[in-house]
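Trainee: Could you take a close look with me at one helix and its packing partners, and then show me the sheet as well? I would like to follow it residue by residue.

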Amino acid sequence: MLEGFIMCGDVPVATFSGRIVTTINPDLAPLCFRNGGDLNTWLESRAIDRHRTNSRALKRLLRLGDTSDTSTALRVHGATITDNYWVKLSSESLCWDDVCFSTDYFADVALTGSADSLTRYYSEEQLTSPTPELTNVGSYEKCWRIIDGQWTLIKRGKTEELFSELFTAELGIRLGFPMAQYREIAGNIATPDFTDGCVNFEPMANLMGDNEEYVDNYKILMNIAPHVVKQYLDILFMDALVFNPDRHTQNYGVLRNRKDGIILSMAPNFDNNMALISRGYIPDISKASNMLIPMFHELLEDAGITYEYPCLSEDVVKDIAFSIMPHADIDRDYVVRFVMENYKKLKM
């Protein structure tokens, strides 16, 4: 039975014995342990998606005998790029500098799984060094790569998905919302680590599990960090505006101060590659039913919220649509009509 500490940097914030976690510094501990969360569930949420083809190849290359999610995460002490939480066994004398990531040896394996990446020579030191790929969550093939000294997430996708991500990020910025930064690199989408190694990202899953119900999330945030509620509403507004049905409790959350655990803000809006035209084009936009719009309206009505809709002109939408990936085969007039139709329905 495993015993040890959950660490925040070099500060022990909880102890564990088997699956049972006992907080010793609740201000700094991961939010899931405020409500009696267990060790295995937390570690499993931090492990690479086992269904990704390249995940299986990576685990074999690294010779993971036990490929379960818990064991996979423990291979790198449960550490991730976007926070400084990790697991320290009672028998270990490690510090944060020993487990935090500094190399991207296996980025190509995780992203492409190419024959070249799988058959090149890796030294024993490389094979045993901590790799962030084992705790790089999500269903798309992706990797963490160091670009200009900064950890950057590279994700694969088809043209329509890349366009939707880039378009949504730029549209959100024009509307004045905190958005993750995106750019295209060699036919993939790239975004720098929005924590910049200075704050901790905690997905809403740590508070809500799989509960995506708008009003339940709203109530929790109102209870623990009312100053971020407007930002949460802005994320939901953007989801409805560009029709992103893939908002789940792992791809939105809060940013916390690493020194005192205080919630600073919502994390910037990210992961919109399943929005807009990623699933194809709708024959008649005017008759399309965007389920996210009535869901947003219902939240506002149920919670008695007066939401201040941002101003959005067709010229702005057109400027973004025709400037993003200009050589891609995208029906840009459709994108403009689609967004403006959603905007009109949102404000009704």
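Mentor: Happy to. Let's start with α12, which packs with helix α14 (residues 332-347) at an angle of about 25°, their axes being 10 Å apart. Axes here are lines fitted to C-alpha atoms, for helices over the stretch in contact, and angles run from 0 to 180 degrees between N-to-C directions. That angle makes α12 roughly parallel to α14 (under 35 degrees counts as roughly parallel, over 145 as roughly antiparallel, 65 to 115 as roughly perpendicular and the rest as oblique). Please keep in mind that this is a predicted model, where local features need pLDDT of at least 70, side-chain atom pairs count only at pLDDT 80 or more, and totals for chains, interfaces and linings use all residues. Residues are numbered from 1 along each chain as its sequence is written, and side-chain values use heavy atoms, leaving out hydrogens and water.

The crossing of α12 and α14 is right-handed (the near helix is turned clockwise from the far one by less than a right angle; anticlockwise would be left-handed). On the α12 side, Ile293, Phe296 and His297 meet Asn342, Lys345 and Leu346 of α14, contact meaning heavy atoms within 4.5 Å. By class, that contact has three nonpolar, two polar and one charged residues. Ala, Val, Leu, Ile, Met, Phe, Trp, Tyr, Cys and Pro count as nonpolar, Asp, Glu, Lys and Arg as charged, and the others, Gly among them, as polar.

Now turn to another partner of α12 (residues 292-303): its axis and that of helix α11 (residues 229-242) come within 8 Å and cross at roughly 155°. That makes α11 roughly antiparallel to α12, and their crossing is left-handed. From α11, the contact takes in Leu233, Leu236, Phe237, Asp239 and Ala240, while α12 brings Leu292, Ile293, Phe296, Leu299 and Leu300. These residues divide into nine nonpolar, no polar and one charged. You will recognise Ile293 and Phe296 in the contact with α11 and in the one with α14.

Moving on to the sheet, four strands form an open one in the order β3-β2-β1-β4, with antiparallel pairing. Its edge strands, β3 (20-23) and β4, each pair on one side only, and the twist averages 30° from one strand to the next. Helices (H or I, at least four residues) and strands (E, at least two) are DSSP runs, numbered from the N terminus, and two strands pair if DSSP finds at least two bridges between them.

In the middle of that order, β1 (residues 3-8) and β2 (residues 11-17) are joined by six bridges. Met7 has Pro12 of β2 as its bridge partner, and Cys8 stands opposite Val11 in β2. These two strands make a hairpin with two residues between them, and Gly9 in the turn has a positive phi of about 65°.

Toward one edge, five bridges join β1 to β4 (residues 85-89), where Tyr85 is the bridge partner of Cys8. Toward the other edge, β2 and β3 pair over four bridges. Here Ala14 partners Thr23 of β3, and Ser17 stands opposite Ile20. The hairpin of β2 and β3 also has two residues between its strands, and Gly18 takes a positive phi near 65°.
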